[in-house]
Amino acid sequence: MDGSRRKFLKLAGLTALGAAGASSIKATASSGAAADHDAPSTDGVRLAMVIDLRKFAKNDALVERCIEACHRTHNVPDFGDDEKNAIKWIWADDFETAFHSQEFHFIREDLKGKPTLLLCNHCDNPPCTRVCPTQATWRRESDGIVMMDWHRCIGCRYCVVACPYGSRSFNYMDPRRILDDPTIDYPTRMRGVVEKCTFCEERLARGLQPACVEVCTNDEIVFGDINDPHSKVREILTERMAIRRKPGLGTRPEVYYIIDDPRTLQEVAPAAVVEVTEEGGHA
Amino acid sequence: MLEKALTGTRTYWIWIFFLLAIMGAGAAAWFWQLNVGLTITGLSRDVVWGFYIAQFTFLVGVAASAVMVVLPYYLHNYKAFGKMTILGEFLAIAAVIMCMSFIFVDMGRPDRIFNVFLYPTPHSMMFWDTVALGGYLVLNILISRVTLSSERRGEPPPSWIKPVILLSIPWAVSIHTVTAFLYSGLAARPFWMTAILAPRFLASAFAAGPALLILLAFVVRRLTKFDPGKEAINKLAEIVTYAMIINVFFVLMEVFTALYSNIPEHIHHFEFLFTGIEGNTTMAPWMWLSVILAIVALVILINPTTRRAESTLIIGCIAVFGSLWIDKGLGMVIAGFVPSPLGKVVSYTPTIPELTISLAIYAMGLLIVTGLYKIALEVRGQIKA
């Protein structure tokens, strides 16, 4: 536990360095080349998130707590049922919608229709940064976070159009009019700019975990450097079955969703195991 | 020469003030939008581009279509287009200015427009579209001004303008190609991600633009002593015919590819357009009207008798323009967002302020066309006393 804490601080330090260097914004053209969509992430620190849908399936209230934590931390206005003006950094859609292009007619009941957390995938090969005409959004080379500069954004919404995941929101109206009690250590936005999740880069720089990760008590969301073979995210992905959203588009999302059940067959269906033993003689 | 647009008959001024009144209403709506935000439009989190961007896309085509009179006249020395070229170039100027205005009113932060030039970004197609449109505007202003000044002095145009005119030909093709690339390079939007989008944009532009030019020429001929000539009109009508046939062919190719391949993400957009999905049929009546108009246009235009008879040609041109305006100025952009990348069907209907602002931009375009055409005809002494 102590070791992983130290490792995380080291990683956070690197992130802070990256933030300092962010003023020299680099074009993302290098990542725009024909890349193998299944290839592992590029060199260096690559921050990634693993969301365990099995654990979330057992903890219905957690989804809302994650959303609440993020939106309060980042002064994201709550428009209620007004989907037209809605701003979402992290939100829940049912499992089938989250993985829209895949088919899940016969999945286990505990995943069916389950609220699934959706956020910016911080793609290794992001289409949104490629289309931005002012480099107001870019992929930070030091850790792969897809950043936003709300002071440069011209509000053309081309990035919103280019994102295959619906992760970006546009401020159709003044968000400050909706915020009753803003968090003072995080900026509010003005009308007319695009915003989205930034993997809590401001918290990472202070050595903290992302807000949505922090409210999780049982590793429902795990965050870390996927390029580090000993990181927790990496260990989990080696053990478990995880999927990403729309992998065929070659964007290489860095948010992974665990869908398998870690229990053995014997734990899930002892009757089935017994049957095999009787017929085949295997224990 | 601009002063020639500042004198005119009573009818001329009534028309000018009529346009100015519409522009005033649009300006008021735009100030409201500036103060409240784009929330006053029908746009939403899922449909982020709508009527403004669709008009921009359609009008880029109108701007590019000037090449259909410029190319035969300057490259093939087709003399019959002599009187028409200036009208084509002036229409292009008005269309490009309208395009830029539609982009401007669509921006969330128009106050930051100069960021596009302060941080030029070659990997963004929007950057190239800005370069292409800006350049095209400069080219057309330069060419029309130089050629018209020479004409006024009774001299042939200076020889240095010829290469500039030749440059404007591929440039016209480029503006609509880059505009198509804005859409067709996005993995997130299967409806637009088709290699035929740019060719289809060009075909529809070369049908709708010259159709509008024919209609404008008829209007101008009625009001002034200007006569485009029978041969020029017939030739333009042939261009409209071929371009419209090619456009319809391209559209059918898209429909085949989507339907036969049977990939749901491709089919859904066409379903939304023509039958509606999940009970949302907002576009279907429009799209079928577009189909009917296209059929009417092709029947009139392919038949040489109806194409050459002015009364039917006018109907044909209106049908072409209407059909393509619906297809490109409504359906093309909106269908890209419905269903959304998450499969959601979200309605979009432009609001009254959104339409008022759009109408005002069209009025401004008409004002520019009126003023510029007046100048051209004054120079040629073709204005009725």
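A residue counts as buried if 20 or more other C-beta atoms lie within 10 Å of its own. By that criterion, strand 1 of chain A, residues 47-52, is mostly covered in this predicted model, with 6 of its 6 residues buried. In a regular strand the side chains alternate between the two faces of the sheet. Here A:Leu47, A:Met49 and A:Ile51 are buried on one side of strand 1, and A:Ala48, A:Val50 and A:Asp52 are buried on the other.

Strand 1 belongs to an open sheet of 4 strands in chain A, ordered 8-1-10-9, in which the pairing is mixed. Strand 8 and strand 9 of chain A stand at the edges; each has a single partner strand, so one side of each lacks a neighbour in the sheet. The pairing can be followed across the sheet from strand 8. Strand 8, residues 221-225, runs antiparallel to strand 1 of chain A and is joined to it by 5 bridges. Within that pair, A:Val222 of strand 8 stands opposite A:Val50. Strand 1 then pairs with strand 10 of chain A in the parallel sense, over 4 bridges, and A:Asp52 has A:Ile258 of strand 10 as its bridge partner. Between strand 10 and strand 9 of chain A the sense is antiparallel, with 2 bridges. A:Ile258 appears again here, as the bridge partner of A:Ala242. Helix 9 of chain A, residues 232-239, lies across strand 1, strand 8, strand 9 and strand 10, and runs at about 115° to strand 8.

Two residues in loops of chain A have an unusual backbone setting to inspect. A:Lys246 is in the loop between strand 9 (242-243) and strand 10 (255-258) of chain A. Its phi is near 45°, a positive value in a residue other than glycine. A:Lys246 is partly exposed, because 19 other C-beta atoms lie within 10 Å. A:His122, in the loop between strand 3 (115-119) and helix 5 (127-131) of chain A, also has a positive phi, near 45°. A:His122 counts as buried because it has 26 C-beta neighbours inside 10 Å.

In soluble globular proteins, nonpolar side chains tend to be buried together. The largest nonpolar core in this model has 188 residues, of which A:Ile90, B:Ala63, B:Leu91, B:Cys99, B:Val240 and B:Val320 touch the most other members. Helix 8 of chain B, residues 197-223, gives the largest share of this core, 15 residues. Leaving out residues up to four places away in sequence, the contacts of A:Ile90 include A:Cys66, A:Ile67, A:Cys70, A:Leu117, A:Leu118, A:Leu119, A:Cys197 and A:Cys212.

In chain B, helix 7 spans residues 161-184. Its 24 residues reach 35 Å from the first C-alpha to the last, close to the 34 Å expected at 1.5 Å a residue. The helix bends by about 25° at B:Pro170. Its buried residues include B:Ile165, B:Ser168, B:Ala172 and B:Ile175, as well as B:His176, B:Leu182 and B:Tyr183. Among the elements that cover the buried residues of helix 7 are helix 2 (51-64), helix 3 (67-75), helix 6 (125-153) and helix 8 of chain B.

Another proline of chain B, B:Pro339, is placed in the loop between helix 13 (310-335) and helix 14 (352-379). The peptide bond leading to B:Pro339 from B:Val338 is cis, with omega near -5°.

How values were computed. Residues are numbered from 1 along each chain as its sequence is written. Chains are lettered from A and ligands numbered from 1 in the order in which they are written. This is a predicted model: local features need pLDDT of at least 70, side-chain atom pairs count only at pLDDT 80 or more; totals for chains, interfaces and linings use all residues. A residue is buried if 20 or more other C-beta atoms lie within 10 Å of its own, exposed if 12 or fewer, and partly exposed in between; C-beta atoms are placed from the backbone. A nonpolar core is a set of buried Ala, Val, Leu, Ile, Met, Phe, Trp, Tyr and Cys residues joined through C-beta atoms within 7 Å. Two residues are in contact if their C-beta atoms, placed from the backbone, lie within 7 Å. The expected span of a helix is 1.5 Å times one less than its number of residues. The bend at a residue is the angle between axes fitted to the seven residues ending there and the seven starting there. Two strands pair if DSSP finds at least two bridges between them. Axes are lines fitted to C-alpha atoms, for helices over the stretch in contact, and angles run from 0 to 180 degrees between N-to-C directions.
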